[in-house]
Amino acid sequence: METTTHNPLQKLRTFLFNSFIAVLFIFTLQACGDDDNGPTDPPNETGNIAEVAQSDDNFSDLVSALSDAGLVSTLEGDGPFTVFAPTNDAFGNLPDGLLSSLSNDQLTEILSYHVIAGSEIASGDLQSEQAVETFAGEDLFITTGGNVVVNGNATVVNADIEASNGTIHAIDQVLFPDAYLDVVGIIVKRYGLQSLEDAVLSENLASALQADGPFTVFAPTNAAFSNADLGDQSLADVLQYHVIPSEVLSDDLQATQTVETLQGEDLLIESADGTVTITDNSGQMYEVTEADLQGTNGVVHIINGVLNPAPNIVDVAIDNGNFTTLVDALGQTGLDEALQQAGPFTIFAPTDDAFSGVDLSGFSDDQLAEILQYHVVNANILAADLEAEQSVEALAGGNLFVTADGEVVVNDVATVVTADVEASNGTIHAIDNVLLPDSYQDVVGIVSKRYNLQALEDAVVQAGLAGTLQGDGPFTVFAPTNAAFDEVDTSGLSDQELQDILEYHVLPQEVLSGNISSGTATTVNGADLEITVNENGSVSLTDQAGNTYSVTTVDLQGTNGVVHIIDGVLLPS
């Protein structure tokens, strides 16, 4: 039998070797299991937004408020989030007791208003102006002009604090949704209403609009202010014209309503098909572009124009008290509405004394409308703008003939007794006589109203022919201009000789330009006048002295005939 020798040292070596192999095998299995998804990243040492805020003593008040509102878990989510985070100093700026007076729902709404969900906005991504929607559903208004400012009052004091699920920007004021602000605060937070804010502050109206109210404010944009021309009107009056001393929401509107403003003048508000329009005293209409920004003491509606409170021409005429007959006639014909539009208009307005000798009852509404429109010019003409002589086209058609030589006279019959009565849409000049278009005057009236036929008028009066030419007629008058009379010397003529010459300018029938044909016509003087219709349609006249003159203006038709203006004085043999 073979004898076996046992060596204890060898047994120990064998045990240690086998143990090492077993441990190595276990570690190998574990490593293989960990490698199923590839190598692991090192752990991220940056916490989420809630953790970053919790680790910063400057946000302890914010963290406490987030905890009370139950928003900590939200900010631990995936995000990404951008949080404008009020510092402890920002919370310290709040009125005492404000936070404790809020319900949890209100606190949640306010804190959610500091959070932008779904995007991470670094300071380098910001534009000069932008509005971004918050987790609360309302916009924040951010500007970058050296400092980053939110809602017009909160400055970013520490930007781009990184977290694993977004970015924190520390701010020095707590932000509030519209519902927690007065109407001034609603305006101030919006960079698009900066011009309105500046105007309110310059006129010291902020405190009035921060009172209990309620108010409805129609807020013009910056662009609206840049396009506004309010003349010399008081800015305070203009601003108060944008305020109604009650709260009017868009859902409260009827199709049409007239409301009195804080300034005292009315606004016309109309609502149709989801669009709300505002018509001011100048007749300008603007739209509400954003409605129902409701705050603690009223509501703000953003509009695309600056409302003009100045009374229009009709309002001024009514308030004046000297134009009651004119105002009644404008109302009777419906022209009052036309003259409340934007214009501009100039109206030569007969006073009540001017109308005292005129019987309007004999005119139809259409005739009265034509006469009234003959007093209106579709332009704004001040007395200082007038030249010595000018003709201006009236709204009715036909011209008014205005002279300014010490006093202003229109159509040679009406003197301006009060000039430059200003209105929002033009100017009124009060006159002491009623003006009539050509079709309501005889041929003498047609001649006398025109300053360029003054020499003819003087000659007719001197020769005693006015009464004859104001008869039934009909007549056709070829009327020489002042310049035409300047070319002849009538100073040595007897009245009979002057009458003969003037009668040589008159045909004893009415001949309109469309009925004129080449040939010879016998005048009231009894002498013949040669008429030629040229190839281009123009008309020329050849007198017995062999002079040929042109007809420059045709068919000034009146009640007893027609006047054609010519550029020379006709001479019988």
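Select strand β10, residues 256-260. Strands here are DSSP E runs of at least two residues, and helices are H or I runs of at least four, numbered from the N terminus. The side chains of β10 alternate. Gln257 and Val259 point to one face and are buried (under 20% relative accessible area; exposed is over 50%, partly exposed in between; 1.4 Å probe, protein chains only). Thr256, Thr258 and Glu260 point to the other face and are not buried.

This is a predicted model: local features need pLDDT of at least 70, side-chain atom pairs count only at pLDDT 80 or more, and totals for chains, interfaces and linings use all residues. Numbering starts from 1 along each chain as its sequence is written, and side-chain values use heavy atoms, without hydrogens and water.

Add β11, residues 266-272. Five bridges join this strand to β10, and the two run antiparallel. Find Ile269, the bridge partner of Gln257. Five residues separate the strands of this hairpin. In the turn, Gly264 has a positive phi of about 110°.

Next, select helix α14, residues 324-333. Its buried residues are Leu326, Val327, Ala329, Leu330 and Thr333. Look down the axis: they fall within an arc of 160°, so they line one face of the helix. The arc is taken from the directions from the helix axis to the C-beta atoms. Now show what covers them, including α13 (313-320), β15 (345-350) and α17 (365-373). Just after α14, stop at Gly334, with a positive phi of about 80°.

Finish at strands β6 (residues 154-163) and β7 (residues 166-171). They run antiparallel, joined by five bridges. Ile161 stands opposite Ile168 in β7.

Notes
Pairing = 2+ DSSP bridges. Contact = heavy atoms within 4.5 Å.
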